[in-house]
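Biologist: Please take a close look at a single part of this model. Start with one residue, then follow the trail to whatever lies around the part you choose.

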Amino acid sequence: MIKYLMLEPTNRCNLNCTFCNRRVVVKKQHDINIDDWNSILYKLRKHPVEVVKVQGLGESYLHSEFDILCEMVRRYFPSSYIISSTNCQYELGRVFKRSLKYINLLYLSVDGFEDTYEKFRVGAKWSTLVKFLDDLKHIDHGVTDITINYVVNINNYMDIEKLHTFVSEKYPFISEIRLNIAQWWSENQELREDYTDDFYNVLRKYKGNVKGKAPWTYSDCWWPREGFIADVFGDVRICLLNTTTEPIGNILKQPLDEILNSEKRLKVRKECEYNTPGRHCWTCDYKRLSAILSKILL
């Protein structure tokens, strides 16, 4: 049974972030249309969906009807917890304000402070972010929990404290700065960074904000059992961390049961269950991350 959905509204983006592999994955830019979105939700409607992440490899708010997409998710799954994210590099408008009526958790992607922020989120301007946050102070957030999502790497960890101070002094509506160690999402590549003692010492200071599970092994992975990811074209992949693998089906062209019972999905599910990872999982960054998190959290 599917409990966690990740549905991509658009693969268009206005940035070229260092730790995003969309430049490899996205061959054709596209916004999903309302009819296709409805078709996907309709096919999934009978599953006990608990969480819906309305985002993908693009900037969600570049979709001109993003608020309508969120409203449709809420209509199909009224008790679900809806999550999305934004890079904050645009003017706030009607679509943004209306979308907050349906979103439970909104991540603001901020990976650094001033110069390092602009370095790792290529194309972003710190001044645009500040204006976005200033405008956001005057908007009714309703039920939406607004947090910062900070992708930590060896070159920006020293700015965590600067951002904490900046946010706590100016933007008390931001409930948390979530720290996620940088990961890579391709099947045949691994991210290699040499973390220093100082890196670990800084992260331990903020370990209450560090996200992820440690220890972790393949049998802990619930994606092949309970997760479902579809991109803007309806192509379905098994998990979040492998965006370059071949799709296991297309939800716009095939019955849902056919995709869920595909040979590859069942194979990966069994491999994870028995801790015998196959090709799909060989370079899984959750496994690499587990050892790093163990040094921080335990």
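**From one loop to the sheet**

Modeller: Asparagine 275 is partly exposed, with a relative accessible area of 36%. Keep in mind that this is a predicted model. Asparagine 275 sits in the loop between helix H11 (263–273) and helix H12 (285–297). Its phi is near 55°, a positive value in a residue other than glycine. Most residues other than glycine have a negative phi, and most peptide bonds are trans.

Cysteine 88 also has a positive phi, near 65°, and is likewise not a glycine. Cysteine 88 is buried, at 0% relative accessibility. Its place is the loop between S4 and H4. That loop leads to the part I want to look at closely: strand S5.

S4, helix H4 (residues 94–99) and S5 form a β-α-β unit, and the unit is right-handed. S4 (residues 81–86) and S5 (residues 105–109) run parallel, joined by four bridges. Within that pairing, serine 84 has leucine 106 of S5 as its bridge partner. S5 is also joined to S7, by five bridges, and this pair is parallel too. Here tyrosine 107 is matched with threonine 147 in S7.

Why is S5 described as largely enclosed by the rest of the structure? Five of its five residues are buried, so the strand is shut in by what surrounds it. In a regular strand the side chains alternate between the two faces of the sheet. In S5, both faces are covered. Leu105, Tyr107 and Ser109 lie on one side, Leu106 and Leu108 on the other, and all of them are buried.

Now step back to the whole sheet. It is open, has nine strands and shows mixed pairing. The order is S8-S7-S5-S4-S3-S1-S9-S10-S11. S8 and strand S11 (249–250) stand at the edges, with a single partner strand each, so one side of each has no neighbour in the sheet.

Next door to S5 is S7, with asparagine 149 in it. Asparagine 149 counts as buried, at 16% relative accessibility. Leaving out residues up to four places away in sequence, asparagine 149 touches Tyr107, Leu108, Ser109, Val110, Asp111, Arg178 and Asn180.

Helix H7 (residues 160–170) comes next. Its buried residues are Ile160, Leu163, Phe166 and Val167. Viewed down the helix axis they fall within an arc of 130°, so they line one face of H7. An α-helix has 3.6 residues a turn, so residues three or four places apart point the same way. Ser168 and Glu169 are exposed on the other side of H7. What do the buried residues of H7 pack against? They meet helix H6 (126–136), strand S7 (145–152), strand S8 (177–181) and helix H8 (197–205).

Leucine 163 shows this residue by residue. Neighbours within four places in sequence aside, its contacts are Val110, Gly112, Phe113, Trp126, Ile148, Tyr150 and Ile177.

Leu108 of S5 and Leu163 of H7 return in the largest nonpolar core, which has 98 residues. Along with Phe96, Ile181, Leu203 and Phe228, they touch the most other members. H6 supplies the largest share of this core, six residues.

Two further points concern the backbone and the cysteines. Alanine 214 and proline 215 are joined by a cis peptide bond, with omega about -5°. Proline 215 lies in the loop between H8 and helix H9 (223–226).

How many disulfides does a search of the whole structure find? The count is zero. Take cysteine 17. The closest cysteine sulfur is in cysteine 13, 5.9 Å away, which is too far for a bond. Cysteine 281 is in no disulfide either; the nearest cysteine sulfur, in cysteine 272, is 4.0 Å away. A disulfide needs the two sulfur atoms within 2.5 Å. Both cysteines are buried: cysteine 17 at 12% relative accessibility, and cysteine 281 with a relative accessible area of 7%.

Conventions
Residues are numbered from 1 along each chain as its sequence is written. This is a predicted model: local features need pLDDT of at least 70, side-chain atom pairs count only at pLDDT 80 or more; totals for chains, interfaces and linings use all residues. Side-chain values use heavy atoms; hydrogens and water are left out. Buried means under 20% relative accessible area, exposed over 50%, partly exposed in between (1.4 Å probe, protein chains only). Helices (H or I, at least four residues) and strands (E, at least two) are DSSP runs, numbered from the N terminus. The arc is that of the directions from the helix axis to the C-beta atoms. Contact means heavy atoms within 4.5 Å. Two strands pair if DSSP finds at least two bridges between them. A crossover is right-handed if, with the strands pointing away from the viewer, the path from the first strand over the helix to the second runs clockwise. A nonpolar core is a set of buried Ala, Val, Leu, Ile, Met, Phe, Trp, Tyr and Cys residues joined through side-chain atoms within 4.5 Å.
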